[in-house]
Amino acid sequence: MDLEERLAVFIDYENLALGAREHLGGMQFDFGPIADALAVRGRVVARRAYADWSYFDEDRRMLTRHQVELIEMTQRMGASRKNAADIKMVVDAIEMAFERDYISTFVMCTGDSDFSPLVHKLRELNKRVIGVGVEKSTSRLLPAACDEFLFYDRLEGVEVPDEDQGAPAPKRGSRARKSGTAERATAQKAPATSRRAKAAEAVAEAVAEAETPETSAEAPAEAGTKPATRRRKKAEPAAAPAEVLQQAEAEIEAVIEAEQEEDASGASDVPMEVRVAQTLGDLQSSTSGAVTASALKRTLLRKDATFSESDYGFRTFGEFLRFLADRGFVELAPGPSAGDPEVSLPEQGDTDAAFALLRDVVQDSNGSAALSGLKNAVRKRRPDFSEKALGFRGFLQFAKAAEAAGAVSLAWDDDADDYLVTA
């Protein structure tokens with residue numbers, strides 16, 4: 001345990017969030033892939049993100065779910081919000097470097113070259129520095145200054161839409177499809193509206209509707225009355241019915257409970273053999289030596305502290321690994337001790353083997369399958385599959401390369417609003 005790297009993560013959130021939105025097809029930034037990539041490099045002991053969070057209200061829950069401390073840098077009149085966040089981030093990093101000697105690695109999540117002097121100073125203090133940034137918004141000066149630099153859009157788990165991933169141009173006269181495309185483009189540019197805010201708006205509308213009928217119903221009867229009578233009735237507005245308020249409160253509580261359930265669920269439901277294969281692949285690519293079973297389990301626990309092999313019916317982690325080895329998901333070899341074998345992935349083969357695997361999966365799906373769910377089907381057949389490990393930026397690019405090689409065919413399906421892969 002004492003030989004483990006201790007990592008401190010500092011996030012220039014505005015730089016990453018805006019970089020992902022502008023250069024990655026409007027996608028929302030997710031800290032999860034970064035957390036997984038850092039879990040294989042050591043034990044993260046501090047996570048801090050700096051921003052004016054009034055501009056990123058929807059991102060707070062995502063960061064909180066990953067135990068990131070949010071440092072509020074409120075915008076003030078006549079002051080630069082961006083510079084204030086950068087200076088605070090630099091001061092905290094230098095302070096932590098001097099006060100916490102046990103931290104051996106600093107992770108600077110930013111693409112701003114202004115942080116290059118900080119990186120140089122941390123390395124001068126004998127600290128290892130890992131940088132993380134969006135490729136197209138990262139200065140060329142910053143990666144060269146770091147010991148290691150991770151481009152966010154190349155991390156496992158980041159599905160970057162290709163530039164030509166959108167549907168082909170709609171036919172003439174297809175107003176519905178044009179309007180739908182425009183709405184999707186607008187939704188990508190505009191920030192998502194909070195469901196809680198929508199519930200509050202619905203409550204206000206319900207209360208307004210409850211008050212409106214009484215006033216409108218009395219209006220014709222008051223047409224011939226005296227002005228004094230009209231003034232007296234306007235001065236006594238009708239109270240909203242109790243059942244409307246109760247219904248509104250129930251609606252808000254339902255929205256809050258749904259959000260809490262989403263937070264508790266966390267990541268998507270991924271098969272355990274896929275999680276083990278992904279983690280093992282990351283360990284093999286980030287370390288020069290062999291990966292032992294104990295190191296693999298420690299990394300799995302960093303990604304998910306609730307992991308236990310007993311949840312899958314196994315008494316020990318070694319028994320769980322032997323189960324995966326018998327099915328060809330991993331390979332085991334004698335390790336430094338009898339109870340700590342070396343674990344490795346079977347040879348994945350070249351791109352031709354991957355194209356053949358894709359063709360076999362499509363053929364097993366009656367000869368055609370939608371692109372959106374095809375990657376999960378491939379991983380059910382081979383959990384260690386990764387198009388990024390083969391040099392492809394995304395699964396669509398991998399599928400197009402398979403089409404160019406003659407393994408499959410791709411065609412856009414207007415009804416499914418997705419690519420249809422046939423073999």
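Visitor: What stands opposite A369 in strand 12?

Guide: In this predicted model, V421 of strand 12 is opposite A369.

Visitor: How do you know that strand 10 and strand 12 pair?

Guide: Two strands count as paired if there are at least two bridges between them. Strand 10 and strand 12 (residues 418-422) have three bridges, in the antiparallel sense, so by that cut-off they pair.

Visitor: Which strands make up this sheet, and in what order?

Guide: The order is 10-12-11, an open sheet of three strands with antiparallel pairing. From one strand to the next, the twist averages 30 degrees.

Visitor: What makes strand 10 and strand 11 edge strands?

Guide: Strand 10 (368-370) and strand 11 (409-413) each have a single partner strand, so one side of each has no neighbour in the sheet.

Visitor: Which helix lies across strand 11 and strand 12?

Guide: That's helix 16 (residues 395-404), running at about 125 degrees to strand 11.

Visitor: Why is helix 14 called roughly perpendicular to helix 16?

Guide: Look at the angle: helix 14 and helix 16 pack at about 95 degrees, with axes 10 Å apart. Angles of 65 to 115 degrees count as roughly perpendicular, so helix 14 is roughly perpendicular to helix 16.

Visitor: Which residues make the contact?

Guide: Helix 14 brings A354, F355 and L358, while helix 16 brings F395, F398, A399, A401 and A402. Sorted by kind, the residues of this contact are eight nonpolar, no polar and no charged.

Visitor: What makes helix 14 roughly perpendicular to helix 15?

Guide: The axes of helix 14 (residues 351-364) and helix 15 (residues 374-381) come within 10 Å and cross at roughly 105 degrees. With 65 to 115 degrees as the range for roughly perpendicular, that crossing makes helix 14 roughly perpendicular to helix 15. On the helix 14 side, the contact residues are L357, L358, D360, V361, V362 and D364; helix 15 supplies L374, A377, V378 and R381. These split into seven nonpolar, no polar and three charged.

Visitor: How do you know that strand 8 and strand 9 pair?

Guide: Count the bridges again: strand 8 and strand 9 (residues 340-344) are joined by four, in the antiparallel sense. At least two are needed, so these strands pair. One place to look is A333, which stands opposite E342 in strand 9. Strands 7, 9 and 8 form an open sheet in the order 7-9-8, with antiparallel pairing. Strand 7 (291-292) and strand 8 (331-337) are at its edges, each with a single partner strand.

Visitor: Which strands pair in the parallel sense with strand 2?

Guide: Strand 1 (residues 6-12) pairs with strand 2 (residues 43-51) in the parallel sense over seven bridges, and L7 has V44 as its bridge partner in strand 2. Strand 2 also pairs in the parallel sense with strand 3 (residues 69-72), over four bridges. There, the bridge partner of Y50 is I71. Between strand 2 and strand 3 the chain passes through helix 3 (residues 60-65), and this β-α-β crossover is right-handed.

Visitor: Where does pLDDT stay under 50?

Guide: Residues 165-195 are one such stretch, with 24 contacts beyond four places in sequence in the model. Residues 259-268 are also below 50, with nine contacts beyond near neighbours in sequence. Where pLDDT is low, the predicted coordinates should not be read in detail. For the protein chain, the mean pLDDT is 77, and 70% of its residues reach 70 or more.

Methods. Residues numbered from 1 in each chain as written. Predicted model: local features only at pLDDT ≥ 70, side-chain atom pairs only at ≥ 80, totals over all residues. Heavy atoms only, no water. Axes fitted to C-alpha atoms, helices over the stretch in contact; angles between N-to-C directions. Helix = DSSP H or I, 4+ residues; strand = E, 2+ residues; numbered from the N terminus. Parallel < 35°, antiparallel > 145°, perpendicular 65-115°, else oblique. Contact = heavy atoms within 4.5 Å. Nonpolar A, V, L, I, M, F, W, Y, C, P; charged D, E, K, R; others polar. Right-handed = clockwise from strand over helix to strand, strands pointing away. pLDDT = per-residue confidence, 0-100.
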